[in-house]
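Visitor: Could you take me slowly through one part of this model, starting from a single residue and its surroundings?

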Amino acid sequence: MVLTENKAKRRRGVLLSPQGLQRLQDAISSWEITENQGQRLSLEDLSYQTKLSAKTLSRLWSANKGVDQKTLKLCFNTFNLELNEEDYIFLKEDNETKILDCLSESICLRTEIPSLWSYPDGPIPLDSPLYIERPPIEELIYREVTQPGCVIRILAPGQMGKTSLILRILAFADLQGYRTVNLSFSQIDADCFTDLNKFLRSFCSQIAIKLGIAPNLNEHWDEDLGYKLICSLYFQHYILKQINNPLVLVLSEAEQFIEYPQVAQEFFALLRCWYEESRQNNLWKNLRLVVAYSTEQYFCLDINHSPFNIGLPVRLHEFTQEHVEELARRYRLRWTAGKESAQLISLIGGHPALTQLTLYYIHSGAMSLPDLIKEAIANGGIYRYHLQKHWVKLLANPGLIRTYTEVVTTKESIVIDPIHAYKLESLGLITFDGDRVLPRCQLYRAYFTKQLSIVC
């Protein structure tokens, strides 16, 4: 067998490797201690020190857009580091470095490429190049979070990338020198959702603790003033005054309030008041609020006392075909433009989590795309665990099962009960066509039609 080697074409764009990112962050931290009296560098400070634009630095830290190798070297040299080959990953190649031609019909050399990525379970790490931006969402959010008293609302069903996006919002805020708190409502005990006072005390206590502040609630909590007022006074004069710095507060999984409309009404009205206070109060201007939730159907709140009609609305949609092809390229798959991506989208739509899972398995060499699609339609395939989790949730609600049976067995879009619609949307099982609904993707239609035929 004769092997021929073609000259490699120029590679374009590099990303920080996990090792390079850690080295650079450590060097910046050391520089802040020795040269900046321990004060953290904002994005503008970093731009001044490195002579690189803030936009370029944002791309560098987001780890999903390539920068020129010379740019990376300049950034490293600013903090007395030498750029090593292990510090970066080439993002794009015009061609593979080596092309192996198999000239024997009976012998074919297969080059095994070890899997570079861990199993895609959960949010995309900050240092991973597998995060796919959905312009202009990230840029709009980064710009908005620097505005005093802002509110950002992120809406998407589960596994659409909310948490991965939130990680990047918090990292961006950290670069600005802001304080950050990420509080999921799932971290609050269920019994707190039935008692406004108990809920607000837990809410304030958790935020104080995450900021490294002793809560001291009993010293500041005079219930005679009213629960919402004392909560506001505590937040303003104890938390915001003490940190005296912009605070990015992320509140995720707001759908936990679905079953507790009375407390939800009071709490969300309180958030609306804080937003209005920021128009005139300098302390409240330091609060930048990010609320993430999976469905808006159930928020039937007084429009004048709701935070869900103010601020920057952000809706995370599925990946486009271009997004899928870009992600496949980052997994180093040699796909034909418009071919394999179309086959995958016909099965799972642009579901971000399922797309990551699919490309992981193909990249690892475990199975081919045709085999993967065939097995998925037959019994769920690699998506079986994901589908079974949804199935268990459906089984817990017989009324929801009847409704979803109608959705997956009807070829055209249909109108269903609004309460069932918001629950199915929150699970990510349906998509909307105006006020009518359809199954989220062909995989869901095939799998749940089979499962529902057994129990109905």
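**A threonine and a hairpin**

Guide: Leaving aside residues up to four places away in sequence, Thr-403 touches Ile-416, His-420 and Leu-424 (contact means heavy atoms within 4.5 Å). This is a predicted model, in which local features need pLDDT of at least 70 and side-chain atom pairs count only at pLDDT 80 or more, while totals for chains, interfaces and linings use all residues. Residues are numbered from 1 along each chain as its sequence is written, and side-chain values use heavy atoms, with hydrogens and water left out.

Thr-403 belongs to helix α17, residues 398-409 (helices are DSSP runs of H or I with at least four residues, strands are runs of E with at least two, and both are numbered from the N terminus). Because its relative accessibility is 10%, Thr-403 counts as buried (under 20% relative accessible area is buried, over 50% exposed, and in between partly exposed, with a 1.4 Å probe and protein chains only). In helix α9, residues 227-243, sits Leu-229, which is partly exposed, its relative accessible area being 44%.

Further along the chain, strand β8, residues 430-433, runs antiparallel to β9, and four bridges join the two (strands pair if DSSP finds at least two bridges between them). Within this pairing, Ile-430 has Pro-439 of β9 as its bridge partner. The hairpin that β8 and β9 form has two residues between the strands, and Gly-434 in this hairpin takes a positive phi near 70°. Strand β9, residues 436-439, has two faces: Val-437 and Pro-439 make the covered one, whereas Arg-436 and Leu-438 make the uncovered one.
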